[in-house]
Amino acid sequence: MKKRRINKIAIIGSGIMGSGIACHFANIGVEVLLLDIVPKTLNDKEKAQGLSLQDKVVRNRIVNTALKNALKSKPNPIYSPKFTQRINTGNLEDDISKVKDVDWIMEVVVERLDVKKQVFEALEKYRSPGTLITSNTSGIPIKFMSEGRSEDFQKHFCGTHFFNPARYLKLFEIIPGPKTDLEVLDFLNAYGEQFLGKTSVVAKDTPAFIGNRIGIFGIQSLFHQVKALGLTVEEIDKLTGPVIGRPKSATFRTVDVVGLDTLVHVANGIYENCPKDEAHDLFKLPDFITQMMENKWLGSKSGQGFYKKEGKIIRVLDLNTLEYRDKKRSKFATLELTKSIDNVIDRFKVLVDGKDKAGEFYRKNFAAMFAYVSNRIPEISEELFKIDDAMKAGFGWEHGPFQIWDAVGVEKGLALIKAEGLTAAQWVFDMVASGNNSFYTVENGATFAFDISTKKQLKIPGQEAFIILDNIRKSNEVFKNAGVVIEDLGDGILNCEFRSKMNTIGGDVLSGLNKAVDLAEQNFDGLVIGNQGANFSVGANIGMIFMMAVEQEYDELNAAIKYFQDTMMRMRYSSIPTIAAPHGMTLGGGCELSLHADKVVAAAETYIGLVEFGVGLIPGGGGSKEMAMRASDSFRKNDVELNILQEYFLTIGMAKVATSAYEAFDLGIFKHGKDSVIVNKDRQIATAKAHAKLMAAQGYSQPVKRKDIKVLGKQALGMFLVGTDSMQASNYISEHDQKIANKLAYVMAGGDLSEPSLVTEQYLLDIEREAFLSLCTERKTLERIQHMLKTGKPLRN
Ligand code: NAD
């Protein structure tokens, strides 16, 4: 059989989900045909323009408006505005025949079986045999949708369930129908993971599948507990947010964002369709939810939900009075105890032992969750790890219920369940009786999970493409200090992993990087700089810079900055290839490190930029030098070189942060032909390693130091100074902004040389460091740094 490829996809339905999914396929380079219905009536504007229902603008109005709104929404669904041209729009009357040419048709229309069936009937007339055809339903049984369709249709039909927003949430559930070919499921499973960058989970055709069944159970059980435990909305959000590795929006704020109606719709579906569920009553809506639905307090879309923005302040709903009141600070002794525990997974043991209301809450909450998930196996999944995968990928949890249970201790979890009067599934008792005291184990870098049918720990499939640093950190450690762990990735490649708080780059990280290059040069073929924390790095340790600057220890500060610069240069000038693997926030020093690596293998979701202006500085770890050099490298004969230099200047001067790895190419931070992007972050380290191996195999020599960097001297400096002067005069920037910009201008112009000249990197690094240090003596810069340290936000003074 021919290898299946997806070059073109038709997405039917351009609502919230359809438009978001269309953008994500465009993100990964697929040509999209997005179709929706033809409007039945003209709107006022169309009437005023004298248009008729036969005009194309009118016929495509629904789809075009929906796509336009999606592209304006935040967080943005598209990696780069340029990718929008990969999406063609049309309508289901004039353009439906075009589906004959696509490789995959995905239905994303309203959640109504009758409508979906009509759409499938219409599509079948044009669909070419063998074409994938799937539905994004959140809960309609897959078996009902393909009734009446041909054999070929049914063999290629299944559910493909994205979570909202499609670009950002990683869960991709694949739900087979009664006749779906195994080939189709295998293909989608692999495609979701490798091409769409998702966590693929093949689920059974049970109500709400895996993610929503467990997720909605979790929320509903909180709805029922909140009042009984005498807790408030903001307290629950405090207890169920980042402290337990869940998104900041925690529980109630998440419901506001998703929309209470969406949640209620799924909860009602489970209530109706799962009468035998032991927690059936929990899916019934408590009175306050029914009242909120009646009031149309649905969350962000209706202006109020559990929270309400009044002017600049956010007020919160009192669940007893159903009135909004000011938020109160939530404080719990148990949470204070976890403040010093950096790793979330280590907190759970402490939390369930808490002596206060928080402790009681966690005991009840986890007991209910543990019991529920144990009883869903094998009903919704044969494998326990799928439940964890679904919760992590679909709801942004750092750990799934079984992982948390392992952290608490399996037997302790069973005791909590018993204490709450609940019952865990028999297989958990059997597991413990047979000597297995955890759901997961790690062996030789691979994760194994307990399998209830064979009663053994089985290796979780599909891990070959991943390297999980958590699993190899201990066994493969080559070196460790307070800032980094250096691991042997195998096949001659080392990895240097940051382990500092928020992966900031301070002395330990820098010495770790030097050590990594030394070790790699001695005994290995290449080096990856990568980690699997929430963010690659939020930049240099500005706390340290602040201390030295306040103490006026300028010699030490100079030495520290020089060490940073030298380390960056070591990344570039070493005898082995160095590969940076940025992801998430990659700011300031994290960006400078990426600029100096031989190659970048970036996760698509990389938010990278030189943001030093925000703390009153210029990039001092070679970032300013690098932008001047990149400008010089892009000068071509007859170019207006000043204009090119200005573009690079503005990348720093406006503290631009790319909103995806693709945008970083437009900012001159990543280079076409050298750097690459990977959609699935889980594959990043393994892919970076493969690139390192390839570069070594191709014959890597240490680069020769550059002395051909063209700087424009006074000519550029004059232009920049006039520019910043007029910006300041028109109040566009502050006086201090102007001072910083002028320092940057001096560095990027290569100083006040009377003529354009060729210089070395070290020449630029020296003037960059001098400018950086002089800014450290400025009071306003120190104020900016202090503000950032205190609030995490930039100060404009
Ligand atoms: P939506 O209401 O935003 O969009 C539905 C689209 O269907 C609209 O563009 C509408 O014009 C179109 N439509 C209406 N009648 C039609 C017809 N007769 N023929 C063809 N198209 C028609 O809904 P949505 O939130 O995008 O949901 C779409 C699907 O995705 C549903 O099955 C829903 O359950 C599922 N889903 C939604 C979410 C979510 O969070 N919104 C998440 C996962 C899955």
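In what order do the eight strands of the open sheet lie? In this predicted model, the open sheet of eight strands follows the order β3-β2-β1-β4-β5-β6-β7-β8, and its pairing is mixed. The model also holds a ligand with 21 residues around it and an open sheet of three strands.

Residues are numbered from 1 along each chain as its sequence is written. Because the model is predicted, local features need pLDDT of at least 70 and side-chain atom pairs count only at pLDDT 80 or more, while totals for chains, interfaces and linings use all residues, and side-chain values use heavy atoms, with hydrogens and water left out.

**The sheet of eight strands**

- Helices (H or I, at least four residues) and strands (E, at least two) are DSSP runs numbered from the N terminus, and two strands pair if DSSP finds at least two bridges between them.
- At the edges of the eight-stranded sheet stand β3 (87-91) and β8 (199-202), each of which pairs on one side only.
- From one strand to the next the twist averages 25°, where axes are lines fitted to C-alpha atoms, for helices over the stretch in contact, and angles run from 0 to 180 degrees between N-to-C directions.
- Helix α5 (residues 113-124) packs on this sheet and touches β1 (8-12), β4 (104-107), β5 (132-135) and β6 (157-162), contact meaning heavy atoms within 4.5 Å; the direction of α5 makes about 170° with that of β5.
- Strand β2 (residues 31-36) pairs with β3 in the parallel sense over five bridges, and D36 stands opposite N91 in β3.

**The ligand and its surroundings**

- Of the 21 residues that surround the ligand, the closest are M17, D36, E111, K116 and S138; a residue is counted here if one of its heavy atoms lies within 4 Å of the ligand.
- The shell around the ligand divides into eleven nonpolar, seven polar and three charged residues, where Ala, Val, Leu, Ile, Met, Phe, Trp, Tyr, Cys and Pro count as nonpolar, Asp, Glu, Lys and Arg as charged, and the others, Gly among them, as polar.
- At least two residues of this shell come from each of α1 (16-27), α5 and β6, and α5 gives the largest share, three residues.
- A backbone N or O atom of M17 lies 2.8 Å from an oxygen atom of the ligand, a polar contact being a pair of N or O atoms within 3.5 Å.
- In the side chain of D36, an N or O atom is 2.5 Å from an oxygen atom of the ligand, and for the side chain of S138 the distance from an N or O atom to a ligand oxygen atom is 2.5 Å.
- The protein covers 77% of the 830 Å² of accessible area that the ligand has on its own, by the Shrake-Rupley method with a 1.4 Å probe.

**Backbone features in loops**

- K74 and P75 are joined by a cis peptide bond with omega of about -5°, and P75 has its place in the loop between α4 (61-72) and β3.
- Another cis peptide bond joins N164 and P165, with omega of about 0°, and P165 is found in the loop between β6 and β7 (171-176).
- Although A208 is not a glycine, its phi is positive, about 65°; A208 lies in the loop between β8 and α9 (211-228).

**The sheet of three strands**

- This open sheet has the order β12-β13-β14, with antiparallel pairing, and its edge strands are β12 (440-443) and β14 (456-459).
- Four bridges join β12 to β13 (residues 446-451), and V442 stands opposite T447 in β13.

Definitions and conventions
A polar contact is a pair of N or O atoms within 3.5 Å; within protein, one must be able to donate a hydrogen and the other to accept it, and residues adjacent in sequence count only if both atoms are side-chain atoms.
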